[in-house]
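Colleague: I am new to reading protein models, so please take me through this one step by step. I will ask, and you can show me how to reason towards each answer.

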Amino acid sequence: MNLPDEIKVGPYSIKVEVVDNLAIDREHEGEYSPRELKISLDSSVRKRHGEILMHEIIEAINDIYNLKINHDDMVVLGVVLYQVLKENEITF
């Protein structure tokens with residue numbers, strides 16, 4: 001998957017990076033940092049980067065727009081939105 005170096009959510013630019021050992025050190029395969037405006041994805045789960053990135057984008061939207069989406073719903077939304085976009089070959 002070709003990951004962007006950066007994404008825009010509302011007025012903010014959010015850096016996207018692939019890092020080692022996130023899953024081991026922090027027990028996450030991906031992570032959104034509102035303080036740093038950064039999404040990190042663990043290098044060991046490259047096959048799942050699309051759905052994990054989608055989940056972290058939803059985390060960012062939830063934070064930036066002060067929504068109240070619970071984490072379990074964000075997990076489902078991330079997987080399903082990625083699947084719909086991928087299987088229907090939707091690109092922008």
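Colleague: How many bridges join S1 to S2?
Modeller: Strands of a sheet pair through backbone hydrogen bonds, either parallel or antiparallel. Helices (H or I, at least four residues) and strands (E, at least two) are DSSP runs numbered from the N terminus, and two strands pair if DSSP finds at least two bridges between them. S1 and S2 run antiparallel, and Lys 8 stands opposite Ser 13 in S2. The number of bridges that join S1 to S2 is four.

Colleague: Before we go on, what kind of model is this?
Modeller: Residues are numbered from 1 along each chain as its sequence is written, and side-chain values use heavy atoms, with hydrogens and water left out. Local features need pLDDT of at least 70, side-chain atom pairs count only at pLDDT 80 or more, and totals for chains, interfaces and linings use all residues; the model is predicted.

Colleague: Which residue in the turn between S1 and S2 has a positive phi?
Modeller: S1 and S2 form a hairpin, with two residues between them. In that turn, the positive phi of about 60 degrees belongs to Gly 10.

Colleague: Which side chains of S1 are buried?
Modeller: In a regular strand the side chains alternate between the two faces of the sheet. Buried means under 20% relative accessible area, exposed over 50%, and partly exposed in between (1.4 Å probe, protein chains only). Along S1, Glu 6 and Lys 8 point to one face and are not buried. The buried ones, pointing to the other face, are Ile 7 and Val 9.

Colleague: Which strands stand at the edges of the sheet?
Modeller: The open sheet has four strands in the order S1-S2-S4-S3, with mixed pairing. Each edge strand has a single partner strand, so one side of it is left without a neighbour in the sheet. The edge strands are S1 (6-9) and S3 (30-33).

Colleague: Which residue of S4 is the bridge partner of Val 19?
Modeller: S2 (residues 12-19) and S4 (residues 38-42) pair in the parallel sense over five bridges. Val 16 has Ile 39 as its bridge partner in S4. For Val 19, the partner in S4 is Asp 42.

Colleague: Which residue of S4 does Tyr 32 stand opposite?
Modeller: S3 and S4 pair in the antiparallel sense over four bridges, and their hairpin has four residues between the strands. Gly 30 and Tyr 32 point one way from S3, Glu 31 and Ser 33 point the other way, and all are buried. Opposite Tyr 32 in S4 stands Ile 39.

Colleague: At what angle does helix H2 run to S3?
Modeller: Angles here run from 0 to 180 degrees between N-to-C directions, with axes as lines fitted to C-alpha atoms, for helices over the stretch in contact. H2 (residues 49-64) lies across S1, S2, S3 and S4. The angle of H2 to S3 is about 25 degrees.

Colleague: How far apart are Met 74 and His 55 in space, C-alpha to C-alpha?
Modeller: Met 74 is found in helix H3 and is buried, with a relative accessible area of 3%. Leaving aside neighbours within four places in sequence, Met 74 is in contact (heavy atoms within 4.5 Å) with residues including His 55 and Ile 58. Met 74 and His 55 are 19 residues apart in sequence, but their C-alpha distance is 6.2 Å.

Colleague: Which element gives the largest share of the lining of the largest pocket?
Modeller: On a 1 Å grid over the protein atoms alone, a pocket is an open set of points where a 1.4 Å probe fits, with protein on both sides within 12 Å along at least five of seven lines; lining residues have an atom within 4 Å of a point. The largest pocket has a volume of about 220 Å³, where grid points are joined across faces, edges and corners and a volume is the space filled by probe spheres set on the points. Among its lining residues are Glu 31, His 55 and Val 79, and S3, H2 and helix H3 (71-87) each give two or more residues. The largest share, four residues, comes from H2.
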